[in-house]
Amino acid sequence: MKKFLQLNSWLAIAALAWGVGYLYNARYGGELSWLRIMYEQKKAIASEVKAPQRILIVGGSGAHYTVDAGLMQQQLGIPTLNMATDGPVGLNVILPSVTDSIKKGDIVVLIPEYLILNDKDGFGDRSGQFSVAIGKPGLGGVPAKQLAQDIMLLGVPTLRAVTKSSVELVEKGRFTGYYSDPITANGDPTVMKQRLKSAWWQLKIQEPVSPHALRRIRQFKKEVEAKGATLVLGLSWIYASTDTKTLSNISKTADKLSEIAPVLYDKQTLNVKTDSSLFADTHYHLNPPGRRTRTTELVEQLKTLNIIRN
């Protein structure tokens, strides 16, 4: 009986410790919590915008920090929402996480980073934890083993994260994170992330889009069309090398994607940029002038498809 009570005590302590860790990681304080909050804010914005036709921008941070939905809305004259989240969530989870926000008449513009397009199974480092954090455990078919591991880790804050939050609490009086900055009424970021003073190099794309990504995007097209909406794809702007292998892999990616849906990109440059001054903290994230230029280009490319109803 004594051993049984001791076991129950230890289990209760373990459950309490996991619960505290979960509250930090997924609800408030940890990086995942800020991503969840941003996602829920974007979903709420989308639910409030009623119109015969809308544009929804979907993807990872390479879409969130590069497309100015507010400017696009101004230039096209129809509601435009930036629904993009985070690449490590993975294609298999990103797509179903936005499906219920798609309405009849919408134009869904999917702009996935090459991190997402090259992935072999559609799952990233945050797939399982993100699905749990938003209240949809296993969304997108996260494998049971990965999901179990991710759930366990949700209750275990890292020492680095806790230290960072503790310092912030003392210095700023609150927790912050990569995605903790406010977003606009169109779902756009309001703060440009600064690049650390470290070596800056041109990204190389080592392989074309994976067979899995093609299958999942093809399935997504069916899901979008079943709702009476239209899917359009776009290549990311990237600060990258112009070596033969990189350009060949991007060209192959564009060709394969075009078999599924229209693909928006500059046929001459393949959206490869060699001017690092356009970019913020990563090879995908743009600074404000870069975002304006990128968005204006997207608008002109969208117009050529003749699917915008004014």
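These legends describe close-up views of a predicted model.

**View 1. The open sheet and the order of its strands.** Five strands make up an open sheet, arranged as β2-β1-β3-β4-β6, and their pairing is parallel. The edge positions belong to β2 (80–82) and β6 (263–264); each has a single partner strand, so one side of each lacks a neighbour in the sheet.

**View 2. Strands β1 and β2 with helix α4.** Strand β1 (residues 55–59) runs parallel to β2, and three bridges join the two. One residue to find here is I57, whose bridge partner in β2 is N82. Helix α4 (residues 69–76) packs on the sheet and touches both β1 and β2. The direction of α4 makes about 165° with that of β2.

**View 3. The packing of helix α4 with helix α12.** The axes of α4 and α12 (residues 288–303) lie 9 Å apart, at an angle of about 40°. The two helices are therefore oblique to each other, and α4 passes α12 in a right-handed crossing. From α4, the contact is made by L71, M72, Q75 and L76. From α12, R292, T295, T296, L298, V299, L302 and K303 take part. By class, six residues of this contact are nonpolar, three are polar and two are charged.

**View 4. The surroundings of K227.** K227 sits in the loop between α10 (211–226) and β4 (230–234). With a relative accessibility of 31%, K227 counts as partly exposed. Leaving aside residues up to four places away in sequence, K227 touches T99, D100, I102, K103 and K104. G105 is 122 residues from K227 in sequence, while the C-alpha atoms of the two are 8.3 Å apart in space.

How values were computed: Residues numbered from 1 in each chain as written. Predicted model: local features only at pLDDT ≥ 70, side-chain atom pairs only at ≥ 80, totals over all residues. Heavy atoms only, no water. Helix = DSSP H or I, 4+ residues; strand = E, 2+ residues; numbered from the N terminus. Buried < 20%, exposed > 50% of the residue type's maximum accessible area, 1.4 Å probe, protein only. Contact = heavy atoms within 4.5 Å. Pairing = 2+ DSSP bridges. Axes fitted to C-alpha atoms, helices over the stretch in contact; angles between N-to-C directions. Parallel < 35°, antiparallel > 145°, perpendicular 65-115°, else oblique. Left-handed = near helix turned anticlockwise from the far one by under 90°. Nonpolar A, V, L, I, M, F, W, Y, C, P; charged D, E, K, R; others polar.
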